[in-house]
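Here are some worked exercises to try with the model open beside you. Take each task at your own pace, then compare your steps with the solution.

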Amino acid sequence: KLITCQKITKHIDIISAIEFDKSGDHLATGDRGGRVVLFERTDARGNASRTELERQDYSVPRHPEFRYKTEFQSHEPEFDYLKSLEIEEKINKIKWGQTANNALFILSTNDKTIKYWKVQDKKVKRISVMNLDTSQSADNGTTSSSSTSSSRGLPNGGSSEKSYNCANNDLPFPPGGYASLRLPVVTGQELNPVARCRRVYAHAHDYHINSISNNSDGETFISADDLRINLWNLEINSQSFNIVDVKPANMEDLTEVITCAEFHPTHCNTLAYSSSKGAIRLIDLRQSALCDNHSKLFEEHEAPGSKSFFTEIIASVSDIKFARDGRHILSRDYMTLKLWDLNMDSGPVATFQVHEHLRPKLCDLYENDSIFDKFECCLSGDGHRLATGSYSNLFRVFGCTSGNTEATTLEASRNPMRRQVANPTRPTRTLTSLTRAVRRGGENAGADGNGNSNDFSTKLLHLAWHPTENSIACAAGNSLYMYYA
């Protein structure tokens with residue numbers, strides 16, 4: 001009989017943010033305890049000589065390997081005495097800055113404070129040999145002890161006695177001088193990563209920060225809370241510029257809030273933000289200082305007669321991501337993924353059902369607050385696939401190119417094949433080459449994609465796609481999983 005004991009996950013160890021850098025060589029995670037953990041890629045890409053590469057008749061695929069690099073405490077719990085509000089240390093978002101002088105730069109934020117970190121390898125010198133004269137150690141010990149006891153010490157090691165006829169009593173020398181000067185031997189040039197906080201951007205948001213995003217100009221970034229979006233300069237932490245403000249004069253007239261904001265990957269004047277009503281607004285910073293008027297609006301209207309109590313709740317957009325080419329925007333609401341074309345604001349070009357089988361359970365999800373879970377989404381670097389998380393530590397991968405009906409369900413766990421359900425009536429999908437893949441089973445109203453009942457206590461909220469390879473990093477509780485195709 002096999003008995004398994006599930007380890008209780010500490011609340012502070014749960015991963016709350018995950019992000020690859022632009023090169024894909026580094027990965028950062030943040031947790032509820034305010035810590036940021038960095039991983040670096042170690043597999044030998046490009047380390048083979050040209051002769052070895054020419055001898056190979058075909059390229060041998062390698063799984064990307066990451067190892068632990070360093071970690072640091074980014075945020076501490078605070079207390080706002082003016083508002084009697086406790087500010088937890090949980091990391092909400094992490095964004096990588098531009099690399100300079102072999103140093104890594106990271107923006108991290110909790111609910112109220114944004115910090116700009118620099119992580120750089122520093123040379124650490126160590127004393128390997130003390131270089132003591134063992135032959136005279138006994139005599140020296142006796143002499144030093146007797147001289148110490150017989151003479152009255154002065155500050156800086158001075159002596160009250162005029163010994164050795166030396167002008168400076170702080171550095172006495174014997175009449176004949178020392179035969180040799182013995183110093184400890186310092187060796188070792190080990191490189192250890194050291195994190196240093198360069199800037200703290202605080203006191204600019206009255207509500208909880210839900211997004212930060214770096215600009216492609218490398219000089220500015222935005223931070224967004226429920227009602228406002230602020231523009232910062234990386235080098236100036238004393239002021240920011242409010243560029244979007246949706247707060248009404250009377251808070252009773254408030255109908256929607258900002259849920260996510262992100263800069264365009266290449267156009268430094270363009271950014272998009274989503275709302276709790278399912279709308280995505282594209283704004284141009286060149287139009288005006290305060291961008292209350294959007295340049296484009298992307299939203300999908302509900303069919304007449306289909307509106308219910310949960311319609312607006314499940315329509316709230318929890319995350320948006322620009323495609324790497326900047327042409328498309330991927331959005332995630334509670335039930336679906338939507339892919340939008342910036343040149344077509346009439347509706348999404350594609351809609352993907354994530355867990356449609358939960359629609360009959362919306363009332364139960366509302367009662368246990370699961371309906372308010374904020375799932376993230378991500379796109380592959382080539383824009384051909386997209387992914388998002390679900391319950392029971394599952395995540396879905398979809399193909400989004402024309403004519404591609406690819407849909408794969410994967411589980412993030414140490415034993416990911418335990419949910420595998422063979423289904424001979426369905427053809428094998430393209431992405432079953434993903435390691436630890438789970439084939440998609442029959443769709444049932446009360447079960448997930450593998451025919452299992454959903455576990456709403458285990459949810460995969462955070463995941464990130466490698467910028468250049470078919471590799472996904474996802475966080476399930478306090479564990480980080482890597483999938484590669």
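**Exercise 1: Two residues and their surroundings**

At a relative accessibility of 4%, serine 331 counts as buried. Bear in mind that this is a predicted model.

*Task.* Find the element that holds serine 331, and work out which side chain joins that of serine 331 in a polar contact.

*Solution.*
- Step 1. Serine 331 belongs to strand S20, which covers residues 328-332.
- Step 2. The cut-off for a buried residue is under 20% relative accessible area, so serine 331, at 4%, falls in that class.
- Step 3. The side chain of serine 331 makes a polar contact of 3.0 Å with the side chain of tryptophan 340.

*Task.* Now turn to asparagine 393: is this residue buried or exposed?

*Solution.*
- Step 1. Asparagine 393 sits in the loop that links strand S24 (385-389) with strand S25 (394-399).
- Step 2. Its relative accessible area is 16%, so asparagine 393 is buried.
- Step 3. Asparagine 454 is 61 residues away from asparagine 393 along the chain, and their C-alpha atoms are 9.4 Å apart.

**Exercise 2: Two open sheets**

*Task.* Trace the sheet that contains S1, S2, S3 and S4, and explain why one side of each edge strand has no neighbour in the sheet.

*Solution.*
- Step 1. The strands of this open sheet follow the order S1-S2-S3-S4, with antiparallel pairing.
- Step 2. S1 and strand S4 (66-73) are at the edges; each has a single partner strand, and therefore one side of each lacks a neighbour in the sheet.
- Step 3. From one strand to the next, the twist averages 20 degrees.
- Step 4. Inside the sheet, strand S2 (residues 26-31) pairs with strand S3 (residues 35-41) in the antiparallel sense, over five bridges. Here threonine 29 is opposite valine 37 of S3.

*Task.* Repeat the tracing for the sheet that contains S7, S8, S9 and S10. How many bridges join S9 to S10?

*Solution.*
- Step 1. This is an open sheet of four strands, ordered S7-S8-S9-S10 and paired antiparallel.
- Step 2. S7 and strand S10 (185-201) are its edge strands, each pairing on one side only.
- Step 3. The average twist between one strand and the next is 30 degrees.
- Step 4. Strand S9 (residues 114-129) and S10 run antiparallel and are joined by 14 bridges. Tryptophan 117 has cysteine 197 in S10 as its bridge partner.

**Exercise 3: Empty space**

*Task.* Describe the largest cavity: what is its volume, and which residues lie nearest its centre?

*Solution.*
- Step 1. Searching the whole structure gives two cavities of 30 Å³ or more.
- Step 2. The largest cavity holds about 140 Å³ of space.
- Step 3. Its lining has 16 residues, with Glu19, Lys93, Lys95, Asp319 and Lys321 nearest the centre. S1, S7, S11, S15 and S19 are the elements that give two or more residues to this lining.
- Step 4. Sorted by class, the lining of the largest cavity has eight nonpolar, one polar and seven charged residues.

*Task.* Do likewise for the second largest pocket: which strands each supply at least two residues of its lining?

*Solution.*
- Step 1. The second largest pocket has a volume of about 1000 Å³.
- Step 2. The pocket is lined by 37 residues, and Glu19, Phe20, Lys22, Lys95 and Glu262 lie nearest its centre.
- Step 3. Strands that each supply at least two lining residues are S1 (15-20), S7 (93-96), S11 (211-214), S15 (258-263), S19 (319-322), S23 (377-379) and S28 (462-465).
- Step 4. The classes in this pocket's lining are 16 nonpolar, 11 polar and 10 charged residues.

Technical notes: Residues numbered from 1 in each chain as written. Predicted model: local features only at pLDDT ≥ 70, side-chain atom pairs only at ≥ 80, totals over all residues. Heavy atoms only, no water. 1 Å grid on protein atoms, 1.4 Å probe; cavity = no way out; pocket = protein on both sides within 12 Å on 5 of 7 lines; lining within 4 Å. Points joined across faces, edges and corners; volume = space filled by probe spheres on them. Nonpolar A, V, L, I, M, F, W, Y, C, P; charged D, E, K, R; others polar. Pairing = 2+ DSSP bridges. Axes fitted to C-alpha atoms, helices over the stretch in contact; angles between N-to-C directions. Buried < 20%, exposed > 50% of the residue type's maximum accessible area, 1.4 Å probe, protein only. Polar contact = N/O pair within 3.5 Å; in protein donor to acceptor, adjacent residues only side chain to side chain.
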